[in-house]
Every structure is written in structure tokens, then in C-alpha cells.
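Please open the model in your viewer and keep the selection panel at hand. The tour below goes from one selection to the next and says what is to be found at each stop.

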Amino acid sequence: MIRAIIIDDERLARNELKKLLADFPEVEVIAEAANADEGIEKIDNLQPDLVFLDIQMPGKTGFDMLAELDSVPEIIFTTAYDEYALKAFEVNALDYLLKPIESGRLADAIQKLHLPDESGSGEITAITNRSLLNENDQVFVKDGEKCWFVKLSEIRLFESVGNYARLFFGTNKPLILKSLNALEERLDEKVFFRANRKHIINLRMIEKIEPYFNGGLLIELKGGDKIEVSRRQTVKFKEMMSL
Amino acid sequence: MIKRIPSRYWICQLAGWGIFILTYLFFAFTFDKFTSIFCGRLLVFAGIGFLFSHFMRFIIIKTNILSKKLASQIIFFIIITVIFALVVGCIDLLLTTLLSISNKQERRSPWHYNLLTNALSSFVYLFIWNCIYFIYHYIEKSTRQQVATLKLESLVKELELKTIKSHINPHFIFNALNSIRALVVENPSRAREAITELSNILRSSMRAEKQETVPFQKELKIVEDYLALEHIRFEDRLKVEYEIDQETLLQPVPPMMLQTLVENAIKHGISKQIMGGVVRVVSHINGDHHELVIENTGRLGNTFNPDGFGLASTKSRLHLLFGDQASFTILQASENRVEVKIQLPLHRHSASFETTITR
């Protein structure tokens, strides 16, 4: 069963979508929201698998709302005309439906969702630790005009830039308004390692490890970034790796 | 078709050489040097000059040099003047010798000296001829270009007006269709009304391209239909108030202008307010102006751009239609209220205006 939330400021638009979804027994609409703030609250409380999200809403847009979430569920955008807004996406990790929505397109979009096959496994991880982000969690990143949906496992490096953090994935390096310390608290330390004051690295993205001055290490990541591991953290790193 | 009236070229050509002859005769008489030899020489020179300048024009036309670059035109003119001056000088010398009308000085000098002085004097006249010809065509060409630019500008204006008029927001159409689709089940009779309202708007937006102005009541009808449709979408988040002076119903207004502004009031005002708000449409007579006011809940905000497409096009449209007689202002009237005010020149004979419209 896919647990879905509909977020749209128009009651009639929500009703229309609910009516269409009635033909899909695998989707259960567990809540509705009329604006971004209500949406954030309901997503945080109910942890849905899927969100149908209108882009133009009063107060905050759908994009603004996503940028405020720590981890985003699967998103299907619904929009009347602004496909251009969706061109901002670099990675086609999403789908969108044009209103009035065609039933056939809705079926395609639901089929395409990359939800885990066993509905059980998702719930277990959710129960174990809700505040910690799993490497399969995706985040929504908005940097200026460009937007991305990124799985944490695709990010090889977090770099501190003042109060911001720069994410490195693929050839992109967008900034997000989150401090490195705040990110460190939410990330799974088995995968994401604090190499020094300025960097958190993805351990699964390590290409090469070399000894460095003062008993430190120099780690080369996939993609060629070279990160120095401080002496104190090198001790911790060796401990972790020897396990 | 053969031209009955001689062309401007022939008039100028004849007049030019005529003036040349007359000037010489005048000076000859005044200084009492009028002899048959002088007269013969003058006529011979003018005759050759006339023929060869015409021949020169033939070459200029054949080579189509006037459409080339300015620099190559100038070089061409200098070369052609020198060549023709030599030819004319030669022939003039030949004829004066043959007709034995050479003057005393010439008879004493060697032939090449005579040829040179002849060529020099004919160079002066041909140079003047060429200058006049060249400058005349240059001026004519630039005026023709100016006319073409003006024509182009007015065409652009016309096209601008058309695109501004037909500008109806597709976002609105699809949202309306989506609301109507939901209404079909929930409230079928309201859905039917909504379809009619939407058709009215679409029809008038298409028709708007053909008219410069429409009576205000037609425009108001569209706005009412539009706001009725938006009310379906926003439900209690949208409140609409009208304050219409009946006197203004027949005043001419640019089609789809009020509609665009009301659409902006919804898009930038109401749709951004979580609790929604009020749109107020006022039409009344203020002094010698027809005044339209559109108010909406909301703030202009920091990103507000008074030259954004909607506003800039409304302003330029008013300017194109009424010049300085119309005005447009937008301001933050109070804490949470934006006001757009338009003043249009008052049309005194609105009754006769109506008959021309309905015809």
C-alpha cells in the first residue's frame, strides 16, 4: 500500500485528484493539505511514501516546501501549466502531471515510482530511527534556479562554507542552507565520516587512501577530490576501518 | 508605358547645361567679350558635356554603383570623372581645331598643353555634375530608408498591440478547466455556467485582436465572468466587490486591459495569501477622466517590478492608444492593499460611439 498525501491549495483540485486515485487501490490518500506549512507538518507527522504536490501555492511554493524538508518522500508534481518550472530539474528523478489530469498518465506515474518492493522493510527502518537519515533517503536541493532530487548515497562530499554546506554529487556542487555540524548529527556515521573541520565524506566513495603529514591521511574520492583527514580523526577512521 | 512628362533627370540635365551656357553668355556680355568664336566654343563644349554626362549616367546606372558601399562609390566617382574629363577634353580640342574656332592663346601653345587645360576645365564641370548627381541620389536613398523605417515601426506597434491584447494566461485556462471537471460531479449546474463563462472569456480574447477599443460594459462582462471562474477555484478565499458608475458603461476602453489587471490582482495578490482576500473593481468619472481602479489584498513586495511584462505592456498600450491623455499608477495603498489606477480620456459622445460599435 502506498500512503499518499495531496497538497494543493484548491479544494476542487484535491477532490478531483482523490476521485481519480479511487481507481488505484494500491494508493491510499492519508491526508490533504492546503498550503506548504500544513504540508510540512503532515509530512513530518505521517511520513508518507508519496506526495502529490502543487507548485503554485499561497505563502510558499511547492519547491520552497521541499527545500525545508530534511528528507523528501517520492514526489509527483501536479501543475496546470508551469512545466517550465520543472525544467529546473537536472536529474529526472520525478514525475509531473498536468491538470486536468489524465487517468492514463496518473497510472504511468504511479507505476514509475521507485518505492521499495517489500512494503515491510521501509516501515522497519522508519521505526528504528526516524531522526537519522538513511543513505537511501533522498533530499531536495535547490540552488538558485536549479533543483535536484539526490539520494544521500550519491553525495560524495559535504563541505562547510560558513553557515552553508556545499554538496558534491556528479558534476554538481550546489549550496544548501544547513551547517555542517547540523548535517553531521543527521547523517549515518557508518557511511558519512567527518574527515576534518570542513569536510564530511561518503566512505563508499573512497578511491584511494595515502598517508599524509603529521600522521594524517589523504583520501581521494571518486571524481578526484582530495580530502585531508586530521590527525585526531585519522585515529577514529583507522578504528572504524579495522572493524 | 512611355512617360509623357520628362523625367526629373532630363529637366535637371537640360536646366544644368542651360544655366552653364547662360552664365557664360552673361559674363561674356558684361565684360564685352562676346564673339562668334566664343559662342561656337561655348556651344561645342556644352554639347559635348551634355552628351558625355548623359553617357556617364548610363555607365553609373549600368554598373549599379549607387547600391555599393559609400567608399567604393566615392572612388568610382573620382575615377570616372578623371576618365571622362580626359575624353571630353580630347574631343573638345579635336572639334575646336577642326571647326577652327580655337582662340589666339591656343593657337600659340603646343597641343598637349591645350589638351591638359581642356581636360582640367572639363574635370571641374564634370566633377560638379557628379557631385550633384551623387548627392541627389544619396539624399533620396536616405529618405527612402527613413520612410521604410517609419513603416516598419508602425508595423511593430501594430503587432505589439495585437500580442498585448491576445495575452491571456494559459495557467488560468487550465486551472479553470480543472475546477470545472471537479464541479461536473459536485455541482453540475454550476459547472455548466462555468463552461459558458469560460467560452465568453476565450471568445472575447480572440475578438480583442480586431478592435482598438470596446465599450466598458463589454469589458466588465468579461471581468465578471473571469472573477466568477476564479471564485470557483478559490472559493471563500476570494471576495469580489464592484462599484460601477452606470455613466461609464459606454466609455471606450482597450479590450482585455481591465481583465489583465484583474488577473494580476489574483495572481500576485489573492493567490499568494493563505487566507485569501478581496478584489475590488471601481469605474467612475473623475473630472474629465474615466477612472478605473483595481484594488486587491496583498503587498507589492521587494521583488515587485513596475516594468514587468504585464504592467509595461499595459502602460505602452495606453500610450499607443491615448498618448499623454491616459495615465497609469500602481501603489501600496495601505498595509495590505495594492491599488492600480487608470485614467482614460472621457469620451463625450458615447451615444454615437455605441452606434458605431454595434453596427
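## From the chain contact to the cavity

Begin with B:Arg181, which counts as partly exposed at 31% relative accessibility. Bear in mind throughout that the model is a predicted one. Now add A:Glu16 to the selection, and the side chains of B:Arg181 and A:Glu16 are seen to meet in a salt bridge, at 2.5 Å from N to O. This pair crosses between chains, with B:Arg181 in helix α6 (residues 170–186) of chain B and A:Glu16 in helix α1 of chain A. Unlike its partly exposed partner, A:Glu16 counts as buried, at 6% relative accessibility.

Stay on helix α1 of chain A and select A:Arg11, whose side chain forms a salt bridge with that of B:Glu235 (2.6 Å, N to O). Here again the pair crosses between chains, this time from the loop between α8 (216–234) and β2 (238–244) of chain B, where B:Glu235 lies, to helix α1 (residues 11–21) of chain A. A:Arg11 is partly exposed, its relative accessible area being 29%.

Next, select the largest cavity by its lining, which includes A:Glu16, already visited, together with A:Ile6, A:Ile7, A:Leu17, A:Leu20, A:Lys99 and, from chain B, B:Asn178. The space in this cavity comes to about 70 Å³, and the structure holds three cavities of 30 Å³ or more. Which element gives the most to the lining of the largest cavity? It is α1(A), with five residues, while β1 (2–7) of chain A is also among the elements that give two or more. Coloured by class, the lining shows six nonpolar, two polar and four charged residues.

Move on to helix α7 (residues 188–207) of chain B, where B:Arg190 and B:Glu193 are three residues apart and therefore separated by about one helical turn. Their side chains meet in a salt bridge of 3.3 Å, N to O. B:Arg190 is buried, with a relative accessible area of 19%, whereas B:Glu193 is partly exposed, with 43%.

For the last stop, select B:Glu241, B:Glu243, B:Arg280, B:Glu295 and B:Arg337 together, since side chains of opposite charge can pair when their charged atoms come close. These residues, B:Glu241, B:Glu243, B:Arg280, B:Glu295 and B:Arg337, are linked in a network of salt bridges. To look further, note that a search of the whole structure finds 28 salt bridges over all chains.

Methods
Residues numbered from 1 in each chain as written. Chains lettered and ligands numbered in written order. Predicted model: local features only at pLDDT ≥ 70, side-chain atom pairs only at ≥ 80, totals over all residues. Heavy atoms only, no water. Salt bridge = Lys/Arg side-chain N within 4 Å of Asp/Glu carboxyl O. Helix = DSSP H or I, 4+ residues; strand = E, 2+ residues; numbered from the N terminus. Buried < 20%, exposed > 50% of the residue type's maximum accessible area, 1.4 Å probe, protein only. 1 Å grid on protein atoms, 1.4 Å probe; cavity = no way out; pocket = protein on both sides within 12 Å on 5 of 7 lines; lining within 4 Å. Points joined across faces, edges and corners; volume = space filled by probe spheres on them. Nonpolar A, V, L, I, M, F, W, Y, C, P; charged D, E, K, R; others polar.
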